[in-house]
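Trainee: Could you take me closely through one salt bridge in this model, and then lead me outward from there to the other contacts that hold side chains together? I am new to this structure, and I would like each term explained when it first comes up.

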Amino acid sequence: MKLQIDRELPVPIGVQVKGLIEYGIACGELSPGERLPSVRELAESLAVAPMTVATVYRGLREAGLIETRHGSGSFVAESGGTGRRPQIAEIQRRVDQLIDEAMAAGLNPADLTGMVQARLARRRPRRRARSVVMLGLFEEATRAYAGAIQARLPPGTTVQPLTMDRLRGDEIARRGAAEAELVVTFPNRQREAAALLPDSRVVAIRFIPSEETRRALAGLDPLARLGIASRFADFLPIMKSGVQRFAPHVRQIAAAALGTPALDAVIDQSDVVVLSTGAESVLPRLRPGVRAIEYRHSPDPVDVDQQIAPLLSPDADGIAEPQEALP
């Protein structure tokens, strides 16, 4: 993905750069492990101050979205973390210690493996069904995400929708989410989710523009005056880029974020308004006859198949099929 700011947008340059990377990761435009331009390279290509880029990169590193490798540069952080790396590192240390003690006692690898497997079999929890929580931002969209994920998972798996607001403010909802075997969310929300659910396995997947959104944009009249309204200002650059990709034949495009002075002009002068999810408050302000299209995303099916489904298999770590009680 080429990072390019849009100077026609009423969005500060630093906010645009942050949004292009943050939502580029969340929407699959940037892949885990992909190298990012250096601060100097990106500043020169965008004709902005290096300090602007450096500040954005620092914030993204603190959010866990990018990482710096000494001598190599900055990269998109690998996804799928559980938020429990310190605990995992400690477990690995103790396993190494156990291996050393077993060897000192004369046990061979087969003996030790058999012993561990036998102990695991006795302690394996009984679970009637696999449970997953889809953690999103907006209720209706999150329900749709949960349904799309569940449709790709094995029978017997339930995917419950839950919003970040409920997770933060509802203790009962938080306890329920903590009991799920897996929590799925966006890459840019993974760290917060892991902090709220410290004992849960939290996995981030990418979300791509839905088929319905792509079809609606592709079918627009080339002469239509198109307006774009985003709930979040930092989402506006990548949203506009996506609209232009799926509707390249439409030339008249204006965009603004909710709560900004430019939004009124965008709404008043448009024949079609594309709304980001969560921007439905704009609908009552549209003139009669103006068409509204939601720029809806859906879970990337590749990520569902490769990151979620394997964690719910009978042999996955920490996930087990129901077992008969031992005598």
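Mentor: Lysine 18 and glutamate 22 form a salt bridge in which the closest N and O atoms are 2.5 Å apart; the term stands for a side-chain nitrogen of Lys or Arg within 4 Å of a carboxyl oxygen of Asp or Glu. This is a predicted model, in which local features need pLDDT of at least 70 and side-chain atom pairs count only at pLDDT 80 or more, while totals for chains, interfaces and linings use all residues. Residues are numbered from 1 along each chain as its sequence is written, and side-chain values use heavy atoms, with hydrogens and water left out.

Both partners belong to helix α1, where lysine 18 and glutamate 22 are four residues apart, about one turn of the helix; helices (H or I, at least four residues) and strands (E, at least two) are DSSP runs, numbered from the N terminus. An α-helix has 3.6 residues a turn, so residues three or four places apart point the same way. The two ends of the bridge differ in their cover: lysine 18 is partly exposed, at a relative accessible area of 32%, whereas glutamate 22, at 10%, counts as buried. Here buried means under 20% relative accessible area, exposed means over 50%, and partly exposed is what lies in between, with a 1.4 Å probe and protein chains only.

By this rule there are 21 salt bridges, and another of them joins the side chains of lysine 240 and aspartate 6, at 2.7 Å from N to O. That pair links distant parts of the chain, with lysine 240 in helix α11 and aspartate 6 in the segment before α1 (13–26), 234 residues apart. Both lysine 240 and aspartate 6 are buried. Helix α11 itself is mostly covered, as eight of its eleven residues are buried, and among these are Lys240, Met239, Val243 and Phe246. A further bridge, between glutamate 41 and arginine 35, has its closest N and O atoms 3.7 Å apart, and its ends are both partly exposed, glutamate 41 at 40% and arginine 35 at 42%. Elsewhere, salt bridges that share partners join Asp165, Arg168, Arg189 and Glu192 into one network.

From charges we can turn to rings. The structure holds six aromatic pairs; rings of Phe, Tyr and Trp (its six-membered ring) pair if their centres lie within 6.5 Å, and planes under 30 degrees apart count as stacked, over 60 as edge-to-face and the rest as tilted. Phenylalanine 235 and tyrosine 295 make a tilted pair, 6.5 Å centre to centre with 55° between the planes. Phenylalanine 235 lies in the loop between β8 (225–230) and α11 (236–246), and tyrosine 295 in strand β11 (residues 291–295), so this pair ties together parts 60 residues apart in sequence. Both rings count as buried, phenylalanine 235 at 8% relative accessibility and tyrosine 295 at 3%. With Tyr23, these two are linked by ring pairs into a cluster.

Charges and rings also meet directly. The charged end of arginine 245 sits over the ring of phenylalanine 246, 4.8 Å from its centre, where sitting over a ring requires NZ of Lys or CZ of Arg within 6 Å of the ring centre and within 35 degrees of the ring normal. Arginine 69 does likewise with phenylalanine 75, at 4.0 Å from the ring centre.

That phenylalanine 75 leads on to the strands, since it stands in β2 opposite glutamate 67. Strand β1 (residues 66–69) and strand β2 (residues 73–76) run antiparallel and are joined by four bridges; two strands pair if DSSP finds at least two bridges between them. Their hairpin has three residues between the strands, and glycine 71 there takes a positive phi near 85°. By contrast, β3 and β4 pair in the parallel sense over seven bridges, with glycine 136 opposite threonine 163 in β4. Six of the seven residues of strand β3 (residues 130–136) are buried, so the rest of the structure largely encloses it. In strand β4 (residues 157–163) we find valine 159, which counts as buried at 6% relative accessibility.
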